[in-house]
Amino acid sequence: MIDLMRSEWRRFRRLALIIALAHGLALLLLSRMVEIPHLGHADQGAMLALYMGLGLTLALLQVGSYRKVSRWLWLIHRPVRPGRIFAALAFAALAQLAVAILAPLLLFLVATDLLTTQVVDVRHYVASVLVLIFAMMAWLAGAHAATSRHKASVAVVLAPLILTLHMASVWSLLLPVLVCLAWLAFVARHSVRADRDAPIARTSVLLLTALPLQLGLFLLAFHLSRTGLALVDLLGRSNPGRTVLATDADVDIDAMMRSMSQDFLAKGLEGSVDPRAATWRAQLPLLRMAGLSPDIGRFPVRHQFGNLGEPWFDDPRSIQWTFSHDRMRFRGRHPVTGAARGWWGADGISASEPFTVVPAGGMTRSTLYAIDHETQRQHDLIRLPAGEWFVGRPVRALGRVLVLTNLRVLAYRPDLQALSHFAPYRLDWALPLPERDPPPIGVDVAELLDGWLVSLFYFDDREFDGFAFLTRPWQQVVHIDASGQASVVGGRPEIRDVRVRLGRSVAVPAASWWVSPPLYALAHLPGLLNTGLTQPSRFRALPRVPLFYPLALGLMLGSVAAGYGWLRGTRATPSRRRLWLMSCALIGLPAFLSLLCLEPREMRS
Amino acid sequence: MRAVPLSPGPHHDTRPRRAGSDYVIETERLDLWYGRKQALRQLTLRIPRGHIHAIVGANGAGKSSLFRILLGVQSPHGGWAKILGHDCGALTEHERARIGFVNEEHSLPGWLQVAELVAMQRRLYPAWNEQRFRGILDHFHALPDQRIAALSRGERAGVNLAMALAQHPELLILDEPTLGLDVVAKRAFLEAVLGAIEESATTIVYCSHQMDEIERLADNLVILELGELKHMSPPDDFCGRVTAWVGEFAGPPPEPGTLPGVLQVQRIDGLWHFLVLDQDEGFGALLAARGALRHYRGEVNLDRAVNAFLTRGHAAPASEATRP
């Protein structure tokens with residue numbers, strides 16, 4: 001095994017070294033322009049995709065070169081067990097990926113840590129190891145595809161990604177990532193056998209091979225169908241390319257948005273029995289309005305894999321403040337010279353008190369703070385009670401600071417009687433949300449002479465991705481009087497005039513729960529890792545949409561029938577057939593698709 | 001031309017045997033399909049231990065498919081196959097150590113030097129015979145520090161064969177190993193094989209289209225056709241079954257279909273040459289009776305005999321040719 005590993009190492013060592021050199025140079029070049037450890041998560045995601053692409057390419061080059069029978073015989077026909085042959089290939093690949101990916105990354109991090117004032121935390125080092133593991137997962141998926149009878153087997157890589165690629169703490173990710181790595185290694189190891197086309201003999205191996213493939217195929221079906229429907233929707237539009245731009249001279253965007261909000265509120269009052277409603281509707285075009293939305297998807301968590309909170313700048317003093325997850329304080333540095341400028345704690349500059357949670361954009365999960373740039377102190381403006389957190393960015397409008405939390409809509413006003421400009425805001429009024437989970441997707445607030453009108457627009461567009469149109473949008477209009485008392489004055493139980501995504505495709509819903517209820521549940525399982533989300537993953541085992549049930553049943557029966565037809569042409573044993581048919585019945589279409597990949601059919605004349 | 005009914009040769013034994021018998025290769029009613037094409041048809045074959053056994057057949061006869069099944073990289077759709085008494089589908093590393101394999105592509109890791117590759121194989125095979133390796137490699141001109149990728153095809157074939165024989169396998173499968181080699185390399189290769197067989201008990205199964213090689217090497221000839229076993233015997237026996245008759249006719253010769261055992265008819269320099277199977281002197285008398293002015297029995301070598309055998313039914317009924 002060692003000899004084969006050495007041989008495989010020698011095979012690609014030059015390439016690995018060249019890539020390592022190019023990688024190091026690219027990091028060096030990039031670091032002249034941006035702070036790589038603090039790139040946004042989208043940029044870092046692109047880098048991860050590149051690294052995984054490298055792993056996949058290596059697998060296709062290395063293991064794929066043995067697909068030809070004569071080369072396969074050279075590899076497999078030797079007095080070494082297939083498991084050891086696989087181990088030799090895998091360890092050689094791991095060494096090559098470590099040289100090409102991990103070594104430059106670690107070298108770069110160490111150099112950045114030692115030679116610059118940039119913040120480099122332990123999470124960055126651990127993230128580099130995670131990156132290597134993800135690249136190795138891609139290699140394993142590629143190796144599995146190269147040694148399987150069906151190239152679609154590469155879809156197994158999607159399963160560990162959906163299960164582990166989350167913006168959680170690097171420490172909490174380690175275990176699931178290693179479990180997924182072991183799982184993929186198990187799958188790939190068992191695909192390295194003399195007869196690659198033969199059906200998998202052991203049931204346990206079959207189950208562990210089929211499950212990630214089914215999950216991958218489920219995700220593919222979901223995304224492909226959703227993209228397809230979006231394309232159909234786009235093609236169906238009369239003017240799909242028209243977008244209002246801020247530079248459009250003939251369009252007053254503020255007026256347009258205000259008009260939309262006013263129209264929406266007016267429609268909510270149409271059916272109102274409140275005697276004041278007609279007056280409010282007449283006043284609406286003259287009223288000032290503000291809008292809130294749940295635009296904060298998540299807050300960063302400590303030691304997070306990927307970055308959410310970006311550095312902030314103290315322009316007058318030329319200080320760039322970057323948060324250190326290790327010290328839980330901001331580290332200051334001159335953005336050009338890199339000279340150190342001290343630390344920023346929970347109270348301000350040079351404060352020794354660390355933050356208790358990771359801040360982002362001038363707020364934490366439950367605190368909005370302001371910075372006194374003169375004294376360089378930090379002051380809490382809003383502090384939410386325990387169990388309540390922001391789901392939208394606070395909006396300064398109508399002389400108030402309007403806040404959407406997971407529980408309420410809040411209106412604060414600055415304390416004009418306080419001596420300091422940075423005194424905590426005083427709560428003006430609070431409106432408990434009629435439905436907390438999920439929060440409304442749009443809140444319109446209009447200021448009346450004697451109070452406020454608040455429109456809450458509920459539209460669950462996340463519960464079933466791609467099925468937004470199947471849940472009922474509804475609206476509630478609330479009046480808040482001068483004393484802060486709230487009363488419902490109007491609303492619409494079901495809104496039909498709102499143009500929603502994919503609205504024309506109701507008859508062909510995108511693949512989701514109904515394609516495979518168990519895999520839908522499994523795909524939602526990793527939501528547990530996402531502790532930073534403002535709206536926790538809301539998994540429902542059974543959907544509320546009636547259309548889904550006959551769809552799921554029909555697809556299940558169709559999969560069983562198709563599976564039965566396919567199995568008739570195979571040499572599967574009766575017990576294996578029963579297992580596959582049960583799998584088709586339980587898991588549905590993805591199980592049937594995996595059956596096509598894993599159970600060869602014999603064609604005979 | 002009418003197909004000739006064939007009988008298996010004297011070594012064709014289809015009686016079932018127990019595992020662990022003296023056969024290095026045993027197959028029983030082996031079937032293999034590629035889509036709708038059948039590559040092996042009920043192939044029952046038993047190759048005894050020892051000697052060099054040549055397997056010949058036209059392209060698509062099923063030779064390579066048979067080797068794939070024997071080496072366990074393909075499963076048959078029917079029947080069973082054993083190699084060295086073990087189920088081909090479940091060969092362990094110990095059994096693989098007893099089986100050498102050399103194919104026509106000589107697929108070796110091109111990124112290694114000869115010495116590195118040999119060192120690797122040496123550690124892998126406990127029965128490695130360094131003396132034999134050196135002896136065989138001497139026939140070729142591969143240098144230890146040369147990269148495999150830099151070797152000529154003949155040198156690569158030599159390294160491959162030397163390694164395969166140095167492993168001291170009980171069974172060595174050579175699948176068209178001399179394909180693409182020049183005359184010198186081919187000669188060196190054959191000498192190496194012959195030298196090795198003389199000093200060891202390795203059974204060699206040799207697949208080739210080169211009848212001169214078969215004639216020189218093989219103790220036993222196996223003919224496959226369209227996935228079926230058509231003949232198995234020593235080459236001389238097969239040559240003995242095929243006889244050539246030359247006749248001169250005043251008019252047209254008799255229709256081949258009216259003569260027994262005719263494999264091929266050719267007109268060369270005005271004389272009619274008949275290659276016939278399993279016919280004795282009576283065939284000459286038959287020619288005389290059917291109007292031959294004169295007739296005599298000609299020479300048949302293995303190449304001609306096998307070629308006539310494999311192309312029977314494909315050749316024109318009476319093709320015209322000129323003797324070179």
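## Where to read with care

In chain A, residues 500-506 keep a pLDDT under 50 throughout, and the model gives this stretch 17 contacts beyond four places in sequence. This is a predicted model, so a caution belongs right at the start: where pLDDT is low, the predicted coordinates should not be read in detail. Chain B has a stretch of this kind too: over its residues 1-20 pLDDT stays under 50, and the model has 36 contacts beyond four places in sequence for them.

Now for the broader picture. Chain A averages a pLDDT of 86, with 90% of the residues scoring at least 70. For chain B the mean is 81, and 90% of its residues reach 70 or more. Among the elements of chain A, helix α4 (residues 82-115) has the highest mean pLDDT, at 95, while helix α9 (residues 253-269) of chain A has the lowest, at 77. The model as a whole scores ipTM 0.83 and pTM 0.85.

## Chain A at a glance

Chain A has 605 residues, of which 40% count as buried. Its secondary structure comprises 14 helices and 15 strands. Taken along the principal axes, the C-alpha atoms of chain A fill a box of roughly 90 × 65 × 45 Å.

How do the contacts of chain A spread along the sequence? Counting contacts with a separation of 6 or more, 67% in chain A are between residues 24 or more positions apart.

## Two helix pairs in chain A

Two packed helices are described by the angle between their axes and the distance between the axes. Start with helix α1 (residues 2-31) of chain A and α4(A): their axes come within 8 Å and cross at roughly 20°. The angle is under 35 degrees, and α1(A) and α4(A) are therefore roughly parallel to each other. Their crossing is right-handed.

The second pair is helix α5 (residues 122-147) of chain A and helix α7 (residues 170-191) of chain A, which pack at an angle of about 20° with their axes 9 Å apart. That angle makes α5(A) roughly parallel to α7(A) as well. The crossing of α5(A) and α7(A), however, is left-handed. If you would like to trace this pairing on screen, the α5(A) residues that meet α7(A) include A:Val126, A:Leu130, A:Ile133, A:Met137, A:Leu140 and A:His144. On the α7(A) side, the residues taking part include A:Leu173, A:Val177, A:Cys180, A:Leu181, A:Leu184 and A:Ala188.

## Where chain A meets chain B

How many residues does each chain bring to the contact? Chain A provides 23 residues and chain B provides 28 residues. On the side of chain A that touches chain B, the elements giving two or more residues are α1 and α3 (69-76) of chain A. Of these, α3(A) gives the most, with seven residues. Helix α1(A) thus appears twice in this report, once packing with α4(A) and once at the contact with chain B.

## A one-sided helix in chain B

Over in chain B, helix α9 (residues 282-289) has B:Phe283, B:Leu286 and B:Leu287 as its buried residues. Seen down the axis of α9(B), these fall within an arc of 100°, so they line one face of the helix. On the other side of α9(B), B:Gly282, B:Ala285 and B:Ala289 are exposed.

What do the buried residues of α9(B) pack against? They pack against β11 (242-249), β13 (271-277) and β14 (292-298) of chain B. After α9(B) comes B:Gly291, whose phi is positive, near 105°.

## Single residues worth a look

Two residues of chain A have a positive phi without being glycine. A:Met328, with a phi of about 55°, is in the loop between β3 (319-324) and β4 (329-333) of chain A. A:Leu398, with a phi near 55°, is found in the loop between β8 (395-397) and β9 (400-404) of chain A. A:Met328 is partly exposed, having 17 other C-beta atoms within 10 Å. A:Leu398 likewise counts as partly exposed, with 17 C-beta neighbours inside 10 Å.

Is A:Ala561 buried, exposed or partly exposed? With 13 other C-beta atoms within 10 Å, A:Ala561 is partly exposed. A:Ala561 has its place in helix α12 (residues 548-567) of chain A. From A:Gly236, A:Ala561 is 325 residues apart in sequence and 35 Å apart in space, C-alpha to C-alpha.

Terms used:
Residues numbered from 1 in each chain as written. Chains lettered and ligands numbered in written order. Predicted model: local features only at pLDDT ≥ 70, side-chain atom pairs only at ≥ 80, totals over all residues. pLDDT = per-residue confidence, 0-100. Helix = DSSP H or I, 4+ residues; strand = E, 2+ residues; numbered from the N terminus. Contact = placed C-beta atoms within 7 Å. Buried ≥ 20, exposed ≤ 12 C-beta atoms within 10 Å, placed from the backbone. Arc of directions from axis to C-beta. Axes fitted to C-alpha atoms, helices over the stretch in contact; angles between N-to-C directions. Parallel < 35°, antiparallel > 145°, perpendicular 65-115°, else oblique. Left-handed = near helix turned anticlockwise from the far one by under 90°.
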